Amino acid sequence: QVRLVESGGGLVQAGGSLSLSCVASGGTHSSYAMAWFRQPPGQDREFVASISWSGGNTYYSDSAKGRFTISKDNVRTDPQMWNLKPGATGIYCCAGDKMNLGISDEYCYWGQGTQGAVST
(Lines give C-alpha, C1' and ligand atoms only; values in the text may rest on other atoms or scores of the structure.)
Protein backbone atom coordinates (compact mmCIF):
# COMPACT_ATOMS: atom_id res chain seq x y z
CA GLN A 1 0.00 0.00 0.00
CA VAL A 2 1.45 3.32 -1.07
CA ARG A 3 1.46 5.99 1.61
CA LEU A 4 2.09 9.67 0.98
CA VAL A 5 2.93 12.06 3.80
CA GLU A 6 3.17 15.81 3.31
CA SER A 7 5.01 18.25 5.53
CA GLY A 8 6.06 21.85 5.46
CA GLY A 9 3.72 24.70 4.64
CA GLY A 10 3.01 27.36 7.23
CA LEU A 11 2.39 31.09 6.97
CA VAL A 12 4.30 33.50 4.76
CA GLN A 13 3.74 37.03 3.57
CA ALA A 14 2.78 37.81 0.01
CA GLY A 15 5.83 37.59 -2.19
CA GLY A 16 7.39 34.98 0.06
CA SER A 17 8.18 31.32 -0.40
CA LEU A 18 6.80 28.07 0.97
CA SER A 19 8.58 24.75 1.24
CA LEU A 20 6.55 21.58 0.99
CA SER A 21 7.56 17.96 1.01
CA CYS A 22 5.86 14.70 0.07
CA VAL A 23 7.50 11.46 1.10
CA ALA A 24 6.29 8.19 -0.35
CA SER A 25 6.51 4.74 1.18
CA GLY A 26 5.16 1.30 0.38
CA GLY A 27 5.75 1.43 -3.35
CA THR A 28 8.28 2.11 -6.07
CA HIS A 29 8.10 5.88 -6.09
CA SER A 30 10.26 6.16 -9.15
CA SER A 31 7.52 4.51 -11.21
CA TYR A 32 4.73 6.85 -10.04
CA ALA A 33 3.52 10.06 -11.58
CA MET A 34 3.07 12.67 -8.84
CA ALA A 35 0.99 15.79 -8.47
CA TRP A 36 0.14 18.59 -6.08
CA PHE A 37 -3.35 19.91 -5.54
CA ARG A 38 -4.59 22.78 -3.42
CA GLN A 39 -7.94 23.31 -1.71
CA PRO A 40 -8.51 26.99 -0.88
CA PRO A 41 -10.78 27.78 2.08
CA GLY A 42 -14.41 27.08 1.19
CA GLN A 43 -13.56 25.99 -2.35
CA ASP A 44 -13.07 22.80 -4.29
CA ARG A 45 -9.73 21.14 -4.71
CA GLU A 46 -7.76 22.44 -7.68
CA PHE A 47 -4.81 21.19 -9.66
CA VAL A 48 -1.46 22.93 -9.11
CA ALA A 49 1.26 20.85 -10.78
CA SER A 50 2.18 17.33 -11.81
CA ILE A 51 5.16 15.38 -13.06
CA SER A 52 5.23 12.19 -15.09
CA TRP A 53 6.69 9.04 -13.62
CA SER A 54 9.88 9.49 -15.64
CA GLY A 55 10.16 13.13 -14.63
CA GLY A 56 10.32 14.09 -18.26
CA ASN A 57 7.01 15.95 -18.41
CA THR A 58 5.61 18.55 -16.04
CA TYR A 59 2.28 20.36 -16.02
CA TYR A 60 1.32 23.55 -14.18
CA SER A 61 -1.88 25.45 -13.61
CA ASP A 62 -1.90 28.99 -14.95
CA SER A 63 -1.60 30.39 -11.41
CA ALA A 64 1.39 28.14 -10.66
CA LYS A 65 3.40 28.94 -13.76
CA GLY A 66 6.41 31.02 -12.83
CA ARG A 67 5.86 30.41 -9.09
CA PHE A 68 6.02 26.66 -8.67
CA THR A 69 8.35 23.92 -9.80
CA ILE A 70 7.81 20.22 -9.26
CA SER A 71 10.44 17.51 -9.28
CA LYS A 72 10.77 14.01 -7.90
CA ASP A 73 13.36 11.46 -6.90
CA ASN A 74 13.02 7.91 -5.65
CA VAL A 75 11.08 8.81 -2.51
CA ARG A 76 10.22 12.51 -2.45
CA THR A 77 8.28 15.07 -4.43
CA ASP A 78 9.30 18.42 -3.01
CA PRO A 79 7.95 21.44 -4.86
CA GLN A 80 9.45 24.89 -4.78
CA MET A 81 7.03 27.78 -4.40
CA TRP A 82 7.96 31.46 -4.51
CA ASN A 83 6.57 34.94 -5.09
CA LEU A 84 3.30 33.74 -3.65
CA LYS A 85 0.00 35.61 -3.62
CA PRO A 86 -2.76 35.32 -0.98
CA GLY A 87 -4.72 33.22 -3.47
CA ALA A 88 -2.18 30.46 -2.92
CA THR A 89 -3.59 29.85 0.55
CA GLY A 90 -5.05 26.39 1.06
CA ILE A 91 -4.47 22.81 2.03
CA TYR A 92 -1.82 21.28 -0.21
CA CYS A 93 -2.08 17.57 -1.00
CA CYS A 94 0.25 15.39 -2.98
CA ALA A 95 -1.08 12.55 -5.08
CA GLY A 96 0.40 9.64 -6.99
CA ASP A 97 -0.50 7.11 -9.62
CA LYS A 98 1.19 4.60 -11.87
CA MET A 99 -0.36 6.34 -14.85
CA ASN A 100 0.67 9.75 -16.12
CA LEU A 101 -2.57 11.65 -15.41
CA GLY A 102 -1.42 15.18 -16.10
CA ILE A 103 -3.95 17.66 -14.71
CA SER A 104 -6.62 15.06 -13.89
CA ASP A 105 -7.54 14.55 -10.22
CA GLU A 106 -8.07 10.81 -10.63
CA TYR A 107 -4.86 9.92 -8.87
CA CYS A 108 -5.02 6.70 -6.92
CA TYR A 109 -3.00 7.68 -3.85
CA TRP A 110 -3.40 10.82 -1.76
CA GLY A 111 -1.75 12.30 1.27
CA GLN A 112 -3.59 13.98 4.14
CA GLY A 113 -2.46 17.46 3.20
CA THR A 114 -0.57 20.29 4.81
CA GLN A 115 -1.69 23.87 5.31
CA GLY A 116 -0.08 26.74 3.48
CA ALA A 117 -1.15 30.33 3.99
CA VAL A 118 -0.09 33.57 2.33
CA SER A 119 -0.95 36.82 4.09
CA THR A 120 -1.31 40.25 2.53
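The following conversation concerns the salt bridges of a predicted model.

Student: What should I know about the model before we start?
Tutor: It is predicted, so local features need pLDDT of at least 70 and side-chain atom pairs count only at pLDDT 80 or more, while totals for chains, interfaces and linings use all residues. Residues are numbered from 1 along each chain as its sequence is written, and side-chain values use heavy atoms, with hydrogens and water left out.

Student: How many salt bridges does a search of the whole structure find?
Tutor: The search finds 4, a salt bridge being a side-chain nitrogen of Lys or Arg within 4 Å of a carboxyl oxygen of Asp or Glu.

Student: Which residue does Asp 105 meet in a salt bridge?
Tutor: Its partner is Arg 45, at 3.9 Å from N to O.

Student: Where in the chain do those two lie?
Tutor: Asp 105 is in the loop between strand 9 (90-97) and strand 10 (109-110), and Arg 45 is in the loop between strand 4 (33-39) and strand 5 (46-51). The pair links distant parts of the chain, 60 residues apart. Strands here are DSSP runs (E, at least two residues), numbered from the N terminus.

Student: And how accessible is Asp 105?
Tutor: Asp 105 is partly exposed at 42% relative accessible area, and Arg 45 is partly exposed at 42%. Partly exposed lies between buried (under 20%) and exposed (over 50%), with a 1.4 Å probe and protein chains only.

Student: Changing topic, what does Lys 65 pair with?
Tutor: Lys 65 forms a salt bridge with Asp 62 at 3.5 Å, N to O. Lys 65 is partly exposed at 48%, whereas Asp 62 is exposed at 66%.

Student: How far apart are the closest N and O atoms of Arg 76 and Asp 78?
Tutor: They are 2.9 Å apart. Arg 76 is partly exposed at 33%, and Asp 78 is partly exposed at 22%.

How values were computed:
Helix = DSSP H or I, 4+ residues; strand = E, 2+ residues; numbered from the N terminus.
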